[in-house]
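This report describes a protein and DNA model, part by part. Please look over the sequence and the structure before reading on.

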Number of protein chains: 2
Amino acid sequence: MRVTIAEVARRARVSKTTVSRVLNNKADVDAATAIRVREVIAATGYIPSAGAVGLARGVTRTVGMLVPGLTWPWMGEVLQGVADVVEAKGYGLLLSTANRGAESLEEFSRQVSAKAFDGLLLVEPPDAVRHLRVLHDSGLPVVVIDDRGRRPAFPSVGTSNREGGAAAARHLLGTGRTRLATVTGPRDFGCTTDRLTGFRDVVREAGLTLDPRLIIEGDFTSESGEAAIRQLLDSGPEFDAVFAHNDLTAAGVLAGLRKAGRTVPDDVAVVGFDDIPLAAHTQPPLTTIRQPLREMGETAARQLLAQLGGAPRPDEPLIVPTSLVVRESTQDTVSAPDSGTSREESPR
Amino acid sequence: MRVTIAEVARRARVSKTTVSRVLNNKADVDAATAIRVREVIAATGYIPSAGAVGLARGVTRTVGMLVPGLTWPWMGEVLQGVADVVEAKGYGLLLSTANRGAESLEEFSRQVSAKAFDGLLLVEPPDAVRHLRVLHDSGLPVVVIDDRGRRPAFPSVGTSNREGGAAAARHLLGTGRTRLATVTGPRDFGCTTDRLTGFRDVVREAGLTLDPRLIIEGDFTSESGEAAIRQLLDSGPEFDAVFAHNDLTAAGVLAGLRKAGRTVPDDVAVVGFDDIPLAAHTQPPLTTIRQPLREMGETAARQLLAQLGGAPRPDEPLIVPTSLVVRESTQDTVSAPDSGTSREESPR
DNA sequence: CTGAAAGCGCTTACAG
DNA sequence: CTGAAAGCGCTTACAG
C-alpha cells in the first residue's frame with residue numbers, strides 16, 4: 001500500500017542506504033544515481049515515515065506545548081506566534097491542555113516520558129511545579145511563556161510588566177489626571193507586583209503619591225473590575241483615573257462607571273492591559289498597554305528550537321516590550337488622530 | 001539512559017514479549033509473573049516509547065487538526081472542545097495552521113503522508129479542496145468542522161444556521177419590531193445563505209416581507225457592520241432592528257448606530273451571531289445567537305475517534321443546535337431577568 | 001561512491 | 001503460560 005524506502009530502493013535499483021543518503025542530502029552520492037533516486041521519489045510520491053525516522057534518529061521533530069486552557073482571550077495570539085515559527089522550521093506542534101488538573105498533568109507527563117516530542121513550551125505553569133521536576137530531570141529542553149512574571153527555573157519569555165505599568169502612569173499623568181486608582185490582578189502574581197511597581201514609581205517621580213485606598217485587588221475578571229468601582233464609589237476617596245491590570249477588568253470598570261453615571265474619559269480615564277480584541281470594542285474604546293502576545297509566542301518557539309539545535313540556555317528571561325495603545329477611554333475623540341487609535345512604543 | 005522494554009524484561013527475568021503482554025493487558029500471563037513485571041515497571045518508571053509503539057503497531061494515537069488561523073475569536077472554544085475529548089481518550093493533538101497559504105498546506109500534506117497522525121480534524125477548509133483529495137485517497141479518516149455550512153465530501157459537524165436565523169427573527173418580531181434589516185456574511189458562504197433563509201422564512205410566516213434594500217452584504221468584520229449602518233442611514237428605508245450575521249459585525253452596527261445618535265434598543269434592536277466573549281461586553285450587551293463552538297469541537301473529535309475505532313462514517317452532517325442569548329441590545333434592562341442575561345434553547 | 005547489516009524500541013504471529 | 005524471531009521503516013557505522 002504505502003510506499004516505503006525499500007520500494008524506492010528497488011525501483012531505483014540501489015540500496016536503502018543510498019536512498020536514505022539522497023533523502024538526507026548527504027555528499028558522496030553519484031550525481032546520476034541521485035537523480036535517478038529523486039525521480040523515483042517524485043514518481044511514487046514517497047515521504048519518509050515520521051515515526052520510523054524518529055525512532056531511528058531518536059528525535060521527533062515535534063515540540064509539545066502545554067497550556068492552562070484554550071479559551072483565554074489572549075491564548076490565540078500566543079499560539080499563532082508559536083505555530084508560525086514552529087511550522088516554518090518544519091516542526092510539528094503537539095498541544096496539550098492542563099484544564100483537568102492533576103489528571104491531565106499526569107497524562108501529559110506520560111507523553112513526555114514517551115518521548116513524544118523533542119522540547120516543550122509551557123504557558124503559565126499552573127501548579128505544575130512538582131511535575132516540572134520530572135521534565136527537568138529528563139533533560140527535556142523547556143521554555144516557559146510566563147504571564148505571571150515570576151522568574152522560573154527554566155528559560156522564559158515575558159513582557160515588560162513594570163515598564164507597562166510605568167507607561168500607563170505616564171500617559172494618565174500626561175492627560176492631567178492626578179488621583180489615580182488601580183484595580184490589580186491577584187496579589188501573588190509576579191505581573192501584578194511588577195505592573196504596580198512601575199506605575200507607582202512614575203507617580204512618585206511626578207511628586208505625587210498613590211493613595212493606598214485607591215488600590216483594589218481584583219482577579220482579572222470583569223466582575224472584579226465592576227465590584228472595585230462600586231467599592232470605590234461607595235466608600236473610597238475621589239479619583240479621576242483607573243489603571244486596570246487587564247482589559248477584562250477594565251471592561252468591568254467601564255461598566256461600573258457607566259452604571260454610576262460617571263462618564264469616560266471626562267470624569268474618569270481608564271487604562272487596561274493586554275489589548276485583547278475586546279479592547280477596541282468597549283464603549284468607549286479602551287486605551288491599554290499592549291502585551292505583545294504573538295511576539296512572545298514567536299520568541300519562545302525560536303528560543304526552544306535554538307536550544308534543540310544546541311544553543312545554550314539564556315540565563316535571563318527574554319523580555320518582549322509592551323506598548324501603549326491610546327483609544328478614547330483616556331482622551332476625547334476630537335483630540336485623537338483621524339484613526340481614533342494611536343499607538344506609541346514604550347521607551348526602551 | 002532511558003529505560004526500555006529490554007531493560008524491564010531483564011530486571012523482571014522474562015522476555016520482552018511477556019513485558020509487552022502485561023503492558024497491553026493481554027490474557028495468558030501468569031498472575032505472579034504479571035505482578036513481578038508491574039513492579040519493575042513501577043520501580044523504573046518505564047513508559048513505552050510512543051514512536052516505537054507507533055511504528056510497530058502502525059498507528060500513532062495522535063490526531064491532526066488543521067485550522068485556518070488561531071487568532072479568530074471563536075477558535076479557542078472549538079480547540080478546547082476538541083482537546084477535551086481527544087485528551088480524555090489518551091490521544092495527542094497535532095495542531096497545524098494554514099495561514100501561510102499553499103506553502104503551509106504542502107507542509108501539512110507532508111505530515112499526512114508521513115503518517116504523523118491517525119485521523120484529521122479540519123476547520124473550515126480554506127481552499128484546501130485540491131489538497132483534500134490527497135487525504136481522501138490516502139484513506140485518512142477526516143471530520144470537518146464547518147462554519148460555512150457547505151456540505152463537504154467528508155463527515156462534518158455544523159450548527160443550525162437556518163434555525164439560528166429563524167430564532168433571531170422570532171425574537172425580533174416578538175419584541176414588536178417590524179422593519180428588519182440584515183447585515184450578512186459573505187454571500188458565497190453557506191452559513192450566510194442558511195441564516196438568511198431561516199430569518200426570511202419566519203418573517204414571511206408572520207405576514208411581513210424582508211425589504212431587499214435592508215439586506216446589506218458584510219464580510220464578518222466590525223467595519224462592514226459600521227459601513228452597512230452608514231449606508232442604511234444615508235439612503236435606505238427606515239428600520240427598527242438589525243440582524244448581523246456575526247458578533248463582530250454586530251459590534252460595528254452598534255458603533256454605527258451610536259455615532260448616528262440612534263439608541264439601542266429603543267430606536268433599533270440588534271441581534272448578533274456566535275456569542276463570542278466580546279458580546280457580553282459591548283454597549284449595550286449584545287443579544288445573539290449562540291453557536292455551540294465547544295460542543296462542535298467535542299462532537300467532531302468524538303466522531304473522528306469513533307471512526308478510528310471502526311465506526312461507520314455518518315452520511316449526514318452532525319448538527320449541534322444554536323440557542324438564543326438575550327441581552328440588552330434587544331430589550332430594556334428593566335424587563336430582563338435579574339441576571340441581565342437570559343438564555344433559551346432553540347426549539348427542536 | 002555503494003551496500004549489507006545492525007540497531008532504534010516496540011508488537012505479533014508462531015512454536016512450544 | 002512463555003520466548004525466539006521477524007518485522008514495522010528508517011539511519012548509521014562499517015567495510016569495501
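## Around A:Met65

Leaving out residues up to four places away in sequence, A:Met65 touches A:Val78, A:Leu79, A:Val82, A:Leu93, A:Leu94, A:Leu95, A:Ser96, A:Leu120, A:Leu121 and A:Val123. Contact here means heavy atoms within 4.5 Å. The largest nonpolar core has 60 residues, and A:Met65 and B:Met65 are those with the most contacts inside it. Another core, of 28 residues, lies apart from it, and includes B:Leu94, B:Ala98, B:Leu105 and B:Val112. A nonpolar core is a set of buried Ala, Val, Leu, Ile, Met, Phe, Trp, Tyr and Cys residues joined through side-chain atoms within 4.5 Å. Buried means under 20% relative accessible area, exposed over 50%, and partly exposed in between, with a 1.4 Å probe and protein chains only.

## Basis of the model

This is a predicted model, in which local features need pLDDT of at least 70 and side-chain atom pairs count only at pLDDT 80 or more, while totals for chains, interfaces and linings use all residues. Residues are numbered from 1 along each chain as its sequence is written, chains are lettered from A and ligands numbered from 1 in the order in which they are written, and side-chain values use heavy atoms, with hydrogens and water left out.

## Chain A and A:Ser96

Chain A contains twelve helices and 13 strands. Helices (H or I, at least four residues) and strands (E, at least two) are DSSP runs, numbered from the N terminus. Of the 348 residues in chain A, 54% are buried. Among its contacts between residues at least 6 apart in sequence, 69% join residues at least 24 apart.

A:Ser96 belongs to strand S2 (residues 92-97) of chain A. It counts as buried because its relative accessibility is 4%. Neighbours within four places in sequence aside, A:Ser96 is in contact with A:Met65, A:Leu66, A:Val67, A:Phe108, A:Gln111 and B:Glu87.

## DNA strand C

There are 26 residues around DNA strand C, and A:Thr17, A:Arg21, A:Thr33, B:Ile5 and B:Ser20 come nearest. Of the atoms of this strand that come within 4 Å of the protein, 59% are accounted for by sugar and phosphate. A residue is near a molecule or strand if one of its heavy atoms lies within 4 Å of it. By type, the residues of the surface near DNA strand C are ten nonpolar, nine polar and seven charged. Here Ala, Val, Leu, Ile, Met, Phe, Trp, Tyr, Cys and Pro count as nonpolar, Asp, Glu, Lys and Arg as charged, and the others, Gly among them, as polar.

H2 and H4 of chain A and H2 and H4 of chain B each supply at least two residues of this surface. H4(B) gives the largest share, four residues. Polar contacts are pairs of N or O atoms within 3.5 Å; within protein, one must be able to donate a hydrogen and the other to accept it, and residues adjacent in sequence count only if both atoms are side-chain atoms. A polar side-chain atom of A:Thr33 is 2.6 Å from a phosphate oxygen of DNA strand C. An N or O atom in the side chain of A:Thr18 lies 2.8 Å from a phosphate oxygen of the strand. At B:Ile5, a backbone N or O atom lies 2.6 Å from a phosphate oxygen of DNA strand C.

## DNA strand D

Around DNA strand D there are 27 residues, of which A:Ile5, A:Ser20, B:Thr17, B:Arg21 and B:Thr33 come nearest. Of its atoms within 4 Å of the protein, 57% belong to sugar or phosphate and the rest to bases. The surface near this strand divides into eleven nonpolar, nine polar and seven charged residues.

An N or O atom in the side chain of B:Thr17 is 2.6 Å from a base nitrogen of DNA strand D. A backbone N or O atom of A:Ala52 lies 3.5 Å from a base nitrogen of the strand. A polar backbone atom of B:Ser15 is 3.1 Å from a phosphate oxygen. Two or more residues of the surface come from each of helix H2 (16-23) and helix H4 (50-57) of chain A and helix H2 (16-23) and helix H4 (50-57) of chain B. The largest share, four residues, comes from H4(A).

## B:Ile229

B:Ile229 is part of helix H10 (residues 222-235) of chain B. With 0% relative accessibility, B:Ile229 counts as buried. Not counting residues up to four places away in sequence, B:Ile229 touches B:Phe239, B:Val242, B:Val253, B:Gly256 and B:Leu257. The C-alpha atoms of B:Ile229 and B:Thr182 are separated by 10.0 Å, and the two residues are 47 residues apart along the chain.
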